[in-house]
Amino acid sequence: MNTTRTVGVGLISVGWMGQLHARAYRDVPIVYPELGVTPKLVIAADTADSRVEFAKNVLGFAEGTTDYREVLAHPDVDVVSICAPNFLHAEIGIAAAKAGKHFWIEKPVGRSYTETAAIEAAATDAGVITSIGYNYRHAPAVEHARKLIAEGSLGRITNVRASFFSGYANEPNGALSWRFDRELAGSGVLADLFSHASDLCQYVVGPIAEINALTSTVYTERPKQAMGSGTHFAVIENGEMGPVENEDYAAALVRFGSEGPGSGAVGTIEASRVIVGPECGYQIEIYGTEGSVKWDFERMNELKVCLGRTNAEQGYLTVNASPKHGDYSRFQPGPGNALGFDDLKTIEAKKFLLAVTGGPQENSNVHDAASAAAIVTAAETSAATGQWQKLDDIAGTTASRTA
């Protein structure tokens, strides 16, 4: 690996996530100085002039544009962060691959499996490095859980429970943003939150082989909102109503395949965007014949661990994330000093840049995105037909696998 390399960065879409990507790039040399990688913020694109100016004047990009093609054509850009809305991902992702630019793209990568597979094919053909915004898998407590399972500390994995409950759309008068439009977003909570939960299950336990799902739409209408104005958190009173075209809630039974440490295990995955109570209630529980672990993102620096069936001390021990777990030591010197969401993005940026500069490929990739999209598509088909759907294994993913 070239340990003195400057990597030119292009950004497409300067919203909340785009700004977070920019901050993550800037933090990499501080948090991981030994990598010798210096991201250079070259050019940012957004359709809003005010955001272009923000990218230059606040985030520190040298140039700005309202045309994302200028980012892909820029000779000083080595990597591109794609943080645009879902309906633009395929167009931009395929164009980035054809331009020979490595890209870090937010999920869902495509609005369907077909669209995601097209991006996967383009990236594979071009030989570019990809990374996907599955940031929750980088939590030190999650990395520790994955290690315990891979080492066999929980015994044979028997069952898994995962859920992602967020109340961002629990207000009936919440604006009808692009997230509720099938043409613009694809599926609803399946692509938005369920895909995170299924990715985490596969990363920690192993590939999912079968699924049987159901979905529901709790609020079938919402007040219309002009495209590009406000956010999906906006509340509109007495507005003109329009139809919600995708699902608010999803649940599934799953069976894990034979390749991972969870071979033969079964489980459940749930997701809701309209629930009242949890704000970012992202949880996973893994049970084995010799122990179990529980993790909740709202307490992301803790892992509930129970090891052994016959110990005098039964129940869960709360393990604080510490410098012994994942990348924790890069941010804090000792247990009890919490990491946050933004730190997970810095870890994600580090893994992406490490892969781009010839180091170990520990980053999530477009094959993971294709796998998640296949699960979402299978869940939609199952919900429509009431039948179990089999999933083909997708090569190249970072799902946990036994040697």
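Cys306 is buried in this predicted model, at a relative accessible area of 14%, which falls under the 20% cut-off. Across the whole structure a search returns 0 disulfides. Cys306 takes part in none, and the nearest cysteine sulfur, on Cys201, lies 20 Å away. The points below cover the cysteines, two helices, the nonpolar cores and three buried residues.

**Cysteines**
- A disulfide is a covalent bond between the sulfur atoms of two cysteines.
- The search of the whole structure gives 0 such pairs.
- Cys280 is likewise in no disulfide, its nearest cysteine sulfur being that of Cys201 at 16 Å.
- That distance is not within the 2.5 Å required, so Cys280 and Cys201 do not count as a disulfide.

**Helix H8**
- Helix H8 covers residues 189-204, and its 16 residues should span 22 Å at 1.5 Å a residue.
- The end C-alpha atoms of H8 are 22 Å apart, in agreement with that expectation.
- A kink of about 40° is centred on Ser195 in H8.
- Of the 16 residues of H8, 16 are buried, so the helix is largely enclosed by the rest of the structure.
- Gly206, just after H8, has a positive phi of about 140°.

**Nonpolar cores**
- In soluble globular proteins, nonpolar side chains tend to be buried together.
- The largest nonpolar core here holds 92 residues.
- Phe61, Phe194, Ile211, Ile286 and Trp295 have the most contacts inside this core.
- Beyond residues up to four places away in sequence, Phe194 touches Val189, Ile211, Ala250, Ala252, Ile269, Ala271 and Ile375.
- A second core, separate from the largest, has 27 residues, among them Ile92, Phe103, Ile132 and Ala372.

**Helix H10**
- Helix H10 runs over residues 366-385, and its 20 residues should span 28 Å at 1.5 Å a residue.
- Its end C-alpha atoms are 28 Å apart, which agrees with the expected span.
- H10 is mostly covered, with 14 of its 20 residues buried.
- At the start of H10, the backbone nitrogen of His367 has a side-chain oxygen of Asn365 within 2.8 Å.
- After H10 comes Gly386, with a positive phi near 75°.
- Val366 belongs to H10 and counts as buried at 3% relative accessibility.
- Apart from residues up to four places away in sequence, Val366 touches Ile119, Glu120, Ala123, Thr130 and Ile132.
- Gly239 is 127 residues from Val366 in sequence, and their C-alpha atoms are 39 Å apart.

**Val274**
- Val274 sits in the loop between strand S12 (266-272) and strand S13 (281-288).
- Val274 is buried, with a relative accessible area of 10%.
- The chain places Val274 and Tyr168 106 residues apart, while 6.6 Å separates their C-alpha atoms.
- With neighbours within four places in sequence left aside, Val274 contacts Ser166, Ala169, Asn170, Val218, Tyr219, Arg222 and Asp248.

**His144**
- His144 is part of helix H6, residues 140-151.
- A relative accessibility of 18% is under the 20% cut-off, so His144 counts as buried.
- The contacts of His144, leaving aside neighbours within four places in sequence, are with Leu303 and His325.

Key
Residues numbered from 1 in each chain as written. Predicted model: local features only at pLDDT ≥ 70, side-chain atom pairs only at ≥ 80, totals over all residues. Heavy atoms only, no water. Helix = DSSP H or I, 4+ residues; strand = E, 2+ residues; numbered from the N terminus. Expected span 1.5 Å × (residues − 1). Buried < 20%, exposed > 50% of the residue type's maximum accessible area, 1.4 Å probe, protein only. Polar contact = N/O pair within 3.5 Å; in protein donor to acceptor, adjacent residues only side chain to side chain. Contact = heavy atoms within 4.5 Å. Bend = angle between axes of the 7 residues up to and from the residue. Core = buried A, V, L, I, M, F, W, Y, C linked by side-chain atoms within 4.5 Å.
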